Amino acid sequence: MHVTFSPDKKLFSNATLMDVSRIGILAICILIVAIPEGLPLAISIAMAFSISAMKKDNVLIKNIQSVQVCALLHEICVGKTGTLTVGKMHVASFQFLKQGMIHVNNYLDAGEQAYFNRDMKIGRTADANRRLKNLIKEAIVANTDVRIEVDEGDERTLQASYLANGQALECAMVDFLMENQEDVYNSFIQRNKLQQKIIQLPFDQVLKRKTVIREDATNDKMCRIYVKGAPEVVIQSCTATFDENHEQVPLSSADQQQILNMIGQGIAAKGQKPLTYAFKLIDKQELCEILENVNEDSDEYRQIFESQ
């Protein structure tokens with residue numbers, strides 16, 4: 001470091017001391033102004049870097065000031081609503097009709113309970129098995145707002161695939177079909193071609209169900225009402241189901257309670273979210289009369305379509 005002085009000033013002259021004094025006073029003034037104004041900024045930047053580091057450990061801080069208020073923390077206890085999720089849901093298990101067992105959706109294995117479309121035996125005969133599975137697939141595809149998009153995949157392998165895009169729960173149900181090697185893309189094409197949507201009643205937090213009414217693909221004089229929602233709501237609204245021969249049979253209150261108990265013990269007790277699908281047929285002429293005579297904003301409008 002080199003210090004240069006003016007030729008007309010000495011090192012310990014009065015003029016030099018005055019210059020040093022002015023420099024010292026200026027430095028003190030800068031510190032007085034900068035520390036109160038710059039310190040909060042420096043602290044905020046430091047906390048922002050800390051929050052970024054904690055994010056890598058799946059700890060999300062919404063309020064930066066809370067880090068300073070909490071100071072040092074050794075352990076954090078949070079409930080289910082305070083945890084972070086990636087928004088990706090997956091079908092872990094399922095149950096059909098009045099079957100007394102819960103099937104595990106372990107589609108990665110080749111066991112008997114692995115593939116819904118190949119190994120699962122719902123009906124007694126091959127034809128009944130195929131028709132019952134088609135009903136389940138139809139209920140999922142008909143009552144969803146999911147969009148099927150093409151994922152171009154890895155450019156090196158040039159292998160494209162289909163992706164379900166939409167609400168997480170509905171995407172999980174469509175993914176369930178794709179995981180089990182179902183041709184979902186063509187199912188959506190056939191749905192849009194043969195089953196035009198007539199009415200859609202969105203999911204209601206109080207009623208705990210969502211309803212979609214579509215044309216019947218096999219009978220142009222009929223329509224199908226598809227309902228999905230909480231088991232305790234949907235199952236208790238059902239009066240019939242199918243047996244293993246694809247024959248319609250009554251669903252008694254005892255049967256309903258047995259299914260609800262099985263779902264509660266085999267699915268809900270494991271922390272999984274249960275969801276039930278159901279449908280019924282309605283005459284298209286009757287549907288037109290309802291639309292003409294009932295106000296769509298009234299409670300009766302929805303109850304008519306979602307009743308037994």
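Mentor: Before we look at this predicted model, one term has to be fixed: two residues are in contact when heavy atoms lie within 4.5 Å. With that in hand, T241 in strand 8 is in contact with L97, K98, E247, Q248, V249 and L251, once its neighbours within four places in sequence are left aside.

Trainee: Why is T241 called buried?

Mentor: The relative accessible area of T241 is 11%, and a residue counts as buried when that value is under 20%, so T241 is placed in the buried class.

Trainee: What makes M262 a buried residue, and which residues does M262 touch?

Mentor: M262, which is found in helix 7 (residues 253–266), has a relative accessible area of 15%, and because the limit for buried is under 20%, the label follows. Not counting residues up to four places away in sequence, M262 touches Q95, Q99, G100, M101, I102 and I267. As for I102, the C-alpha atoms of M262 and I102 are 8.0 Å apart in space, although 160 residues separate the two in sequence.

Trainee: How do you know that strand 7 is largely enclosed by the rest of the structure?

Mentor: The reasoning rests on a count: of the 8 residues in strand 7 (residues 222–229), 8 are buried, so the strand is largely enclosed by the rest of the structure. The two sides can also be named, since M222, R224, Y226 and K228 point one way while C223, I225, V227 and G229 point the other way, and all of them are buried. In general, side chains of a regular strand alternate between the two faces of the sheet.

Trainee: What makes strand 6 and strand 7 a pair?

Mentor: Two strands pair if at least two bridges are found between them, and strand 6 (residues 209–215) is joined to strand 7 over 7 bridges in the antiparallel sense, so the condition is met. In this pairing R209 stands opposite G229, and the two strands form a hairpin with 6 residues between them.

Trainee: How do you know that strand 7 also pairs with strand 10?

Mentor: The test is again at least two bridges, and 8 bridges join strand 7 to strand 10 (residues 276–283), the two running antiparallel. One of the bridge partners is I282 in strand 10, which is matched with C223.

Trainee: Why is the pair of Y162 and Y185 called stacked?

Mentor: The structure holds 5 aromatic pairs. In the pair of Y162 and Y185 the ring centres are 4.7 Å apart and the planes stand at 5 degrees; because rings pair when their centres lie within 6.5 Å and count as stacked when their planes are under 30 degrees apart, both conditions hold and the pair is stacked. Y162 lies in strand 4 (residues 161–165) and Y185 in helix 5 (residues 184–194), so the pair ties together parts that are 23 residues apart in sequence. Ring pairs also link F94, F96 and F176 into a cluster.

Trainee: Why are Y162 and Y185 called partly exposed?

Mentor: Y162 has a relative accessibility of 38% and Y185 has 35%. Since buried means under 20%, exposed means over 50% and partly exposed is in between, each tyrosine falls in the middle class.

Trainee: What makes the phi of K208 worth noting?

Mentor: Phi of K208 is near 60 degrees, a positive value in a residue other than glycine. Most residues other than glycine have a negative phi. K208 sits in the loop between strand 5 (197–204) and strand 6, and K208 is partly exposed, because its relative accessible area of 35% lies between 20% and 50%.

Trainee: And how do you know that H246 has a positive phi and is buried?

Mentor: Phi of H246 is near 65 degrees, and H246 is likewise a residue other than glycine, found in the loop between strand 8 (240–242) and strand 9 (248–250). Its relative accessibility is 15%, which is under 20%, so H246 counts as buried.

Trainee: What makes up the nonpolar surface patch, and what is its area?

Mentor: L31, I35, L39 and I43 make the patch, with an area of about 360 Å². I43 lies in helix 1 (residues 14–55) and has a relative accessible area of 33%; because patch residues need over 30%, I43 passes that limit, while the class of I43 is partly exposed.

How values were computed
Residues numbered from 1 in each chain as written. Predicted model: local features only at pLDDT ≥ 70, side-chain atom pairs only at ≥ 80, totals over all residues. Heavy atoms only, no water. Patch = residues over 30% accessible without salt bridge, like charges linked within 9 Å, V, L, I, M, F, W, Y side chains within 5 Å. Areas by Shrake-Rupley, 256 points an atom, 1.4 Å probe, with all protein chains shown as cover. Salt bridge = Lys/Arg side-chain N within 4 Å of Asp/Glu carboxyl O. Helix = DSSP H or I, 4+ residues; strand = E, 2+ residues; numbered from the N terminus. Buried < 20%, exposed > 50% of the residue type's maximum accessible area, 1.4 Å probe, protein only. Phe/Tyr/Trp six-rings, centres within 6.5 Å; stacked < 30°, edge-to-face > 60°.
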